[in-house]
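User: I'm new to this one and would like a close look at a single part, the smaller details included. Could you walk me through it once it's on screen?

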Amino acid sequence: MGRARAEVAVIVKIKVTSELFRAYVDGRRILFKKSSAKLRFVPESGEHALMWFIRDKPGTSYQIEITEPAKVKMSHKAVLDSSAIDAGIYWFKL
Amino acid sequence: MALPLPAAAFLVWLAFPGAAAAQEARPVNSLMKADIYREFVRREIRDPSLSSPVSAPAVDFQLTTESKYQKAKAMVGLRVGNDLFFDVKFIAPLSSGDAEVEPIDLDGLSKSAVVDTGVHFLAWNPRLDVGAAREVFEEYLRRNPPSSSSAAGGRPKPISLLLLRDEPDLWRKFLEAVEWGSAYFFAGRFKIGRQGFTYADADFREVSTQKTSRAVEAAAGVLTPRFGYFGVNLEYQVYFDAASAVELIFPYRQGAADQIKKMVMSPPSRGERFKIQFEHRKAVMEHIALNPKISYFPGERIALIELPVYLFKNADQGLNGGVTLSWVSKCGGRFGLGIFIGTAFSLFP
């Protein structure tokens with residue numbers, strides 16, 4: 001008896017030196033290990049929201065990306081301006 | 001100061017021998033002289049070091065310090081968990097300092113080679129109103145329809161505050177959807193320093209000894225969304241201070257002449273110091289951050305006010321640096337000015 005639907009792994013990677021960086025998916029905090037996190041979802045479970053927040057000094061750069069699966073690949077990179085903050089959201093459907 | 005005509009012509013000849021030949025046909029007027037000076041003379045005699053007795057009347061700025069306590073610092077930091085950080089600083093005094101003069105920050109370990117380790121914990125839980133963000137996203141797509149010919153093939157893109165900079169109304173709406181919350185910071189540090197001392201015993205024989213100074217520090221603070229970081233730091237130090245040197249007169253090679261020798265006649269003394277410090281950190285402009293600190297030493301009833309001003313190009317490139325203005329209430333009050341280079345500003349201590 002196998003599972004009705006196999007889980008899909010979504011890999012989220014970050015490049016950030018700031019201590020004040022947080023990422024969430026569907027409201028749950030993403031805990032990174034070596035700047036990478038593997039999240040498991042049941043396919044066709046609706047739309048998911050990846051959110052991130054950063055506070056640091058102006059000029060700080062960061063990058064967040066979904067590297068797998070290919071159909072939801074995304075990469076976002078930015079450098080903080082004088083506001084010293086950024087927050088973003090990305091919706092994806094598996 | 002106006003240049004006499006022959007001098008101006010000479011300068012033209014020096015700068016442009018060929019052009020000078022052409023100038024022979026017409027007189028050098030004052031406008032030309034100003035141009036010649038600006039283009040060819042001032043550039044050459046400009047003196048950015050401000051050390052030459054001859055220099056152009058330009059505006060130059062240079063910071064100089066004659067601090068008796070120069071230090072080199074190196075720091076290695078790493079993330080040991082999602083909210084836990086570890087760092088170690090290696091601090092080496094570059095000068096022997098002056099036993100008679102205390103450093104203005106009253107750091108008992110300032111003359112020692114110090115290893116300073118710290119563990120930090122950070123708690124922060126920002127939130128985003130997904131419904132409001134969705135409205136912003138839909139409106140952004142309406143205004144900026146994705147190109148079907150793009151590499152992403154019209155795939156939805158992420159949106160962020162920085163991406164919405166050119167749409168002020170959407171930027172504001174997105175910002176309002178973010179609940180930044182305060183970030184709470186806790187840290188513990190342990191410092192250990194080793195310092196060598198030399199003094200003379202009662203028979204005027206030189207004695208060398210090494211002493212270990214140490215300090216423990218606890219820090220806590222909150223980073224507010226609007227007003228920056230406010231923190232309180234407590235530090236307890238055990239340190240050693242060299243005794244004051246005295247001048248002694250000895251017979252020179254058993255002869256009739258005398259020689260004067262400066263000697264420390266007693267071993268280093270052990271001191272203890274407790275410090276309570278309040279600090280604020282905030283980036284006030286794109287390239288400037290302030291970090292005012294007020295410290296109090298209850299045992300000695302001394303107050304210290306410091307204002308480091310950080311200047312940086314950006315976080316990832318180039319040297320950071322700045323100026324620290326200080327005032328300590330000891331001995332009727334003393335002002336200090338220090339400069340630092342390569343110290344990156346951080347929102348947390």
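What percentage of the 94 residues of chain A count as buried? Please start there, then take me through chain A and the place where chain A touches chain B.

Analyst: Happy to. Keep in mind that this is a predicted model. To your question: 32% of the 94 residues of chain A count as buried.

Let's get a feel for the chain as a whole. Chain A has zero helices and eight strands, so to speak a plain β-β-β-β-β-β-β-β pattern when you read along the sequence. Its C-alpha trace spans about 55 × 25 × 20 Å along the principal axes. If you look at the contacts in chain A with a separation of 6 or more, 64% of them are between residues 24 or more positions apart.

Now for the part where the two chains meet. Here 28 residues of chain A are in contact with 27 residues of chain B. On chain A's side, the elements that give two or more residues are β5 (47-55), β7 (74-79) and β8 (85-93). The largest share comes from β8(A), with seven residues. Sorted by class, chain A's side of the contact has 15 nonpolar, six polar and seven charged residues.

Stay with β8(A) for a moment. This strand pairs with β5 of chain B (residues 159-160) in the antiparallel sense, over two bridges. If you want a spot to click on, try G88(A), which stands opposite S160(B) in β5(B).

That pairing is part of an open sheet of five strands, with antiparallel pairing and the order β3(A)-β2(A)-β5(A)-β8(A)-β5(B). At the edges stand β3 (28-29) of chain A and β5 of chain B; each has a single partner strand, so one side of each is left without a neighbour in the sheet. Further in, β2 of chain A (residues 21-25) runs antiparallel to β5(A), and five bridges join the two. One pair to look for there is V25(A) with its bridge partner L50(A) in β5(A).

Two loops of chain A are worth a stop as well. The loop between β6 (61-68) and β7 of chain A holds P69(A), and the peptide bond from E68(A) to P69(A) is cis, with omega near -5°. Move along to the loop between β7 and β8 of chain A and you'll find A84(A). This residue has a positive phi of about 65°, although it is not a glycine. A84(A) has 20 C-beta neighbours inside 10 Å, so it counts as buried.

For a contrast, hop over to chain B and find R301(B), in the loop between β14 (293-297) and β15 (302-311). R301(B) is also a residue other than glycine with a positive phi, near 55°. But R301(B) has 9 C-beta neighbours inside 10 Å and therefore counts as exposed.

While you're in chain B, here are a few more things to see. Strands β16 (residues 321-328) and β17 (residues 334-341) of chain B run antiparallel and are joined by eight bridges, with T324(B) having G338(B) as its bridge partner in β17(B). Their hairpin has five residues between the strands, and C331(B) takes a positive phi near 55° in it.

Another hairpin in chain B pairs β10 (residues 245-251) with β11 (residues 258-264), antiparallel and over seven bridges. E247(B) stands opposite K262(B) in β11(B). Six residues lie between these strands, and in this hairpin R253(B) takes a positive phi near 50°. β10(B) is hardly covered: the count of buried residues among its seven residues is zero.

Last stop, a pair of helices in chain B. Helix α4 (residues 130-143) and helix α5 (residues 168-177) pack with their axes 9 Å apart, at an angle of about 160°. α4(B) and α5(B) are therefore roughly antiparallel to each other, and their crossing is left-handed. From α4(B), the residues A132(B), A133(B), V136(B), E139(B) and Y140(B) meet L170(B), K173(B), F174(B) and A177(B) of α5(B). By class, this contact has seven nonpolar, no polar and two charged residues.

Technical notes
Residues are numbered from 1 along each chain as its sequence is written. Chains are lettered from A and ligands numbered from 1 in the order in which they are written. This is a predicted model: local features need pLDDT of at least 70, side-chain atom pairs count only at pLDDT 80 or more; totals for chains, interfaces and linings use all residues. Two residues are in contact if their C-beta atoms, placed from the backbone, lie within 7 Å. Helices (H or I, at least four residues) and strands (E, at least two) are DSSP runs, numbered from the N terminus. Ala, Val, Leu, Ile, Met, Phe, Trp, Tyr, Cys and Pro count as nonpolar, Asp, Glu, Lys and Arg as charged, and the others, Gly among them, as polar. Two strands pair if DSSP finds at least two bridges between them. A residue is buried if 20 or more other C-beta atoms lie within 10 Å of its own, exposed if 12 or fewer, and partly exposed in between; C-beta atoms are placed from the backbone. Axes are lines fitted to C-alpha atoms, for helices over the stretch in contact, and angles run from 0 to 180 degrees between N-to-C directions. Angles under 35 degrees count as roughly parallel, over 145 as roughly antiparallel, 65 to 115 as roughly perpendicular and the rest as oblique. A crossing is left-handed if the near helix is turned anticlockwise from the far one by less than a right angle, and right-handed if clockwise.
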